[in-house]
Amino acid sequence: MSKKNTTIETDTVITSHINADFDAIASMLAAQKLYPGSVIIFPGSQEKSLRDFFVSSTSYLFNMADPDTIDFSQISKLVIVDTRQKGRLTQVDELLNKKDIKIDIYDHHPDMEGDVTGSFEILRQTGATVTILSSLLQKKKIIPSPEEATIMALGIYEDTGLFTYSSTTKEDLEQAAFLLSCGANLNTIVSFVVKEIKSEQVTWLNELLNEMTIHKINGVDIHMSVISSPAYITDLATIVQKVVRMENLDIFFAIVLMDNKITIIARNRIPEVDVGKILSGFGGGGHSYAASAKVDNKTLAQVEIMLIEQLQKKVKRIQIAKNLMTSPAITIEPHVTCKTAGNLMTRYNINTLLVVNKKKNSYEGYISRQVIATTLHHKLSHLPVEEYMHSEISYISSAADVTQIENIIIEGKHRILPVIDNGWIKGVITRTDLLNYLVEHSKALKRNETELGIKKNAKKRPIENILYQRLDARIKKLLQNIGKTGAELGYNLFVVGGFVRDLLLNRQIDDIDIVVEGDGIEFARLYAKKEGCRINTYKKFGTAVMIFSDNLKIDVASARLEYYKTPAALPIVEKSSIKLDLARRDFTINTLAISLNPDNFGTMIDYFGANRDLKDKTIRIIHNLSFVEDPTRIFRAIKFSNRFGFKIGKVTSNLIKNAIKIDCFKNLSGLRVLSELKQIFEEENPIPAIRTLQDYGLEKVLHKRLTIIPNTYELLESVNKTLSWHDLLYIDEPYPRWSVYFMALLNRCSYEVCEQICNRLNVPLKERGILLEKRYRAEKQLYVIESSLTYTRQNLYWALINFKTEYILYMMALSKNDGTRKAISIFYTHQRSIKPYMKGKDLIKIGLSPGPVFSTILKQILNAKLDGQLKTKKEEIKFAEEYAKKNKLID
């Protein structure tokens, strides 16, 4: 690495960790006094507004230099203070890798994996690192100036929490006394450490309190808040500390999204938890009682899940069975073949299956992958699993402790242990589950939930008042009755998805989707019988539609899990729980559920931080492979972003780009893409969504030669104005709105490209005609109209009368001539509905015989009406008689 403008001559560099706190700043200053002639590389501070001011106002005390002004080849000694983690020493990477350099380390943090090893080290468990360095100054009789003593004392006061943290030692107090004797100014120290909370910080304090949830992990209550801010939050650590003190919390984690980066700050008072070690898994660090970390390229939901996983591993407390078990249990019936059992194990990546007789609802044994492999080897895979299953059964209840589980799995040598309550299998605990707990201090997240990114503890809050305020009386009563019917069957029922989202956004609710933890079809049949409504059922998916007398429709589905055999394939559906049902959905904002059962009616359940994302107006994906499994979700992300005016989260946006990069659309059905495009084009104003499609290069999914240029957007804007005009005047006149935008998008494409796009999208024959032949016919007719020097009302009528609404609107939007647009609009609003009052029977009365002449005369009458010559039926009859006499059709 070459150094430009080398002006600093030194052989010793002092540095500390990135996001330096007062202890780091103070320790660098103290080290500078122990190493005369040394240079400080200041690594930057997290609390810029405060620390940058402090350093700049006392910079004369520090011999600081920019790394680019130092010739690293001349450096023989590196002094590191207040850290040993290589990942937090980014500005001195080259020195750390230098072979002949001596490294002196002064640190008070506990040992961590991957710590830098020094040639000389002083490591002590004091409340602050500067305490160690101050004691060396005292021993060497190096007396700091009052300004230097103030900075050093400030490091001690802050890192010991004014001597209130449990990490405070006798030595910290002694060195604080020494520095005060050197002239340290307590007023200055208090002004920085004892901070009055500012008005804007009160907002974030309340946000942390409002969003706080309790996670019962291994018997320990861990409080956690997840919030986001569009801008940097000043003194976040101070706000977190105030939350801990106000609520008297033992353990608190704040996960905060700021400036598209996630910060985790942790505080702890109990010995069972070491937050420093927990956050080291996120690239952060600290002490057992206080730590922090920064996380990139993850969503808030993912970071929360990862944190809970870390807590499950690190918090050393006895667990009960329901926290260890995997749920739902994957089972197989006794008569099913060993080959099918093997396929199930592969699908779910498990090693053991429970054998359950569903007719008797009885657990009969289990079969292992090893046994299945043996049957395959001996060509016995066609035989039923009951022939080779382990039939010596044991099981426990969900309240069992670890000792009971150990006795059965280890001493009884069972591979798998069902958790059964009241005759129902709630889940399973495997040998691996138990060993992970014993070895790694209890990895207790459910396997399926970990894979799908589900938080174990959902946020719940009552919103019954919102239901009453924003729903009409009939829908409220309907939901209450649905919940009561579900309770009769012993099922939990929820209204989910877009209903809850739109309720909270106070938007019009178009769909009511009910999820049943149980048999959705059974529930629908019972409810339909009670209420007298019709139902349509779909057994394959466990769904039903209830149709009421006024055509209100309610969709009912059994809670289900979906998995994908291949990317972009349609999902395979299986029954599940509400947690896993919500996990299969596309975006966090669509994962909210409201309980309908009488005992907790109106309780909103939020597993993924959906309510937070609604507040932040952000579209976020649930898990990282979501777009790969179902690429149509990319179109839906853009649709929702456009509809609600939300932004697409940074990580979600990166995942979209990655999915496009790996060509995840190659196996996707064209009809599914067409369906998503139609939905986008049906939006009130799809143009921002089309721009976003282009930003991601998604137009190339339709055709490599499809280009969207500024002229395209001019036409799309014209379409939007035209459709807005039409929809305002003709509210109840339906037409395929999407087709007008699609025609505009294809306007500049050759017929060949348009035809290939229709082929790619598998456009049905009728709709294909709209986008191809009929569109070209409309464009040609518009050209003829605009090329004509004079165009009468009659000419315009007969030129346009055979075109449907969508083509008329397309021609209006496409026309660049104000006169033409006005003429077409007059045709549409006034002329297209003009018809003769006379009928065939009226022509017979005046003496005409039925035949082609009827059509001729009626057309002449229509032309005269178009020109304003005929207004009444009497005038039409007179006109017809005169026309007939003139042409000798009657006497």
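The following exercises, each with a worked solution, concern a predicted model.

Residues are numbered from 1 along each chain as its sequence is written, and side-chain values use heavy atoms, with hydrogens and water left out. As the model is predicted, local features need pLDDT of at least 70 and side-chain atom pairs count only at pLDDT 80 or more, while totals for chains, interfaces and linings use all residues.

**Exercise 1. Determine the strand order of the open eight-stranded sheet, and identify its edge strands.**

Step 1. Elements are DSSP runs numbered from the N terminus: helices are H or I runs of at least four residues, and strands are E runs of at least two. Two strands pair if DSSP finds at least two bridges between them.

Step 2. The order in the open sheet is E17-E26-E25-E18-E19-E22-E21-E20, and the pairing is mixed.

Step 3. Strand E17 (459-462) and strand E20 (534-538) are the edges, since each of them pairs on one side only.

Step 4. On average, neighbouring strands of this sheet are turned by 25 degrees against each other, direction ignored. Axes are lines fitted to C-alpha atoms, for helices over the stretch in contact, and angles run from 0 to 180 degrees between N-to-C directions.

Step 5. At the E17 edge, four bridges join E17 to strand E26 (residues 603-606) in the antiparallel sense. Arg461 has Met604 in E26 as its bridge partner.

Step 6. Helix H21 (residues 520-531) lies across strands E18 (492-496), E19 (513-517), E20, E21 (543-547) and E22 (553-558), and runs at about 170 degrees to E20. Contact here means heavy atoms within 4.5 Å.

**Exercise 2. Establish which residues of helix H40 are buried and how they are placed around the axis.**

Step 1. Helix H40 (residues 873-886) has 14 residues and reaches 20 Å from its first C-alpha to its last, close to the 20 Å expected at 1.5 Å a residue. The expected span is 1.5 Å times one less than the number of residues.

Step 2. Glu876, Phe879, Ala880 and Ala884 are the buried residues of H40. Buried means under 20% relative accessible area, exposed over 50%, and partly exposed in between (1.4 Å probe, protein chains only).

Step 3. The buried residues cover an arc of only 130 degrees around the axis, so they lie on the same side of H40. The arc is that of the directions from the helix axis to the C-beta atoms.

Step 4. Lys874, Lys878 and Lys886 are exposed on the other side of H40. The cover over the buried residues includes helix H38 (840-845) and helix H39 (852-866).

Step 5. After H40 comes Lys888, with a positive phi near 55 degrees.

**Exercise 3. Carry out the analysis of buried residues for helix H32.**

Step 1. In helix H32 (residues 751-760), the residues Val753, Cys754, Ile757 and Cys758 are buried.

Step 2. Their arc around the axis is only 140 degrees, which places them on the same side of H32.

Step 3. These buried residues pack against helix H29 (699-702), helix H33 (765-771) and H34. H32 is followed by Asn762, whose phi is positive, near 50 degrees.

**Exercise 4. Count the salt bridges and describe three of the pairs.**

Step 1. A salt bridge is a side-chain nitrogen of Lys or Arg within 4 Å of a carboxyl oxygen of Asp or Glu. By this rule there are 27 salt bridges.

Step 2. Arg636 and Asp586 form a salt bridge whose closest N and O atoms are 3.1 Å apart. The pair links distant parts of the chain, 50 residues apart: Arg636 is in helix H25 (residues 632-644), and Asp586 is in the loop between helix H22 (578-583) and strand E25 (593-595). Arg636 is buried at a relative accessible area of 15%, and Asp586 is buried at 10%.

Step 3. Glu779 and Arg775 form a salt bridge with closest N and O atoms 2.8 Å apart. Because they are four residues apart in helix H34 (residues 773-787), about one helical turn separates them. Both Glu779 and Arg775 are buried.

Step 4. For Arg821 and Asp818, the closest N and O atoms of the salt bridge are 2.2 Å apart. Since the two are three residues apart in helix H37 (residues 818-831), they are separated by about one helical turn. Arg821 is partly exposed at 25% relative accessibility, whereas Asp818 is exposed, with a relative accessible area of 58%.

Step 5. Salt bridges with shared partners join Asp586, Asp630, Arg636, Arg672 and Glu676 into one network.
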